[in-house]
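Subject: Structure handover

Dear colleague,

I am passing on the structure we spoke about, and I would be glad if you kept it open while you read the notes below it.

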Amino acid sequence: MTSPFNVTPVQPQAAENAASPRYTEEELKKIKKACGDFESILTYQLLKTMRKTIPESANGTSHHGKDTYTMMMDQKLAESISAKGNGLGLQKVLYDQFTKTNAREISGEVKNKLK
């Protein structure tokens, strides 16, 4: 017995393919880089804030250049975290939001809610 319904499986579109056709390939690359850079900056700020919670050494010795070294190390660590795998995941979320095809509709809905 055959089913009266014609069922065909639906394949989900990848985020890259679901991007709006209004963006060129180069614009999509720029958006992706900007999202990655933002995630890296946010990660750096998180590391910097967490480092402030560690008490200073009680022995009173100061090391010249320690602050500069720590800052540079945190920046590179933040870049590394954001570049590997999915990072914190913020880059993908931002990219998906910026490249939605219905971005104008969403912004209109937000404006109406703010009134």
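What follows is an account of how the helices pack and of the side chains involved.

Please keep in mind that this is a predicted model. Two packed helices are described by the angle between their axes and the distance between the axes, and I have followed that order here.

The helix to begin with is α1, residues 25-52, whose axis comes within 8 Å of the axis of helix α3, residues 90-98, the two crossing at roughly 140°. Because angles over 145 degrees would be needed to count as roughly antiparallel, this crossing makes α1 oblique to α3, and its hand is right-handed. On the α1 side the contact is made by Leu 28, Ile 31, Lys 32, Cys 35, Gly 36, Phe 38, Glu 39 and Leu 42, and on the α3 side by Leu 90, Gln 91, Leu 94, Tyr 95 and Phe 98. Sorted by character, the residues of this contact divide into 9 nonpolar, 2 polar and 2 charged. Within this group, Lys 32 of α1 and Tyr 95 of α3 deserve a look, since Lys 32 lies over the face of Tyr 95, at 6.0 Å from the ring centre. The count of aromatic pairs, by contrast, comes to 0.

The other packing is between α1 and helix α2, residues 66-83, with an angle of about 135° and axes 8 Å apart. That angle makes α1 oblique to α2, and the crossing is again right-handed. Here α1 contributes residues including Gly 36, Glu 39, Tyr 44 and Arg 51, which meet residues of α2, among them Met 71, Asp 74, Leu 77 and Glu 79. The residues of the contact of α1 with α2 divide into 7 nonpolar, 6 polar and 5 charged.

With best regards

Conventions:
Residues numbered from 1 in each chain as written. Predicted model: local features only at pLDDT ≥ 70, side-chain atom pairs only at ≥ 80, totals over all residues. Heavy atoms only, no water. Axes fitted to C-alpha atoms, helices over the stretch in contact; angles between N-to-C directions. Helix = DSSP H or I, 4+ residues; strand = E, 2+ residues; numbered from the N terminus. Parallel < 35°, antiparallel > 145°, perpendicular 65-115°, else oblique. Left-handed = near helix turned anticlockwise from the far one by under 90°. Contact = heavy atoms within 4.5 Å. Nonpolar A, V, L, I, M, F, W, Y, C, P; charged D, E, K, R; others polar. Phe/Tyr/Trp six-rings, centres within 6.5 Å; stacked < 30°, edge-to-face > 60°. Lys NZ or Arg CZ within 6 Å of the ring centre and 35° of its normal.
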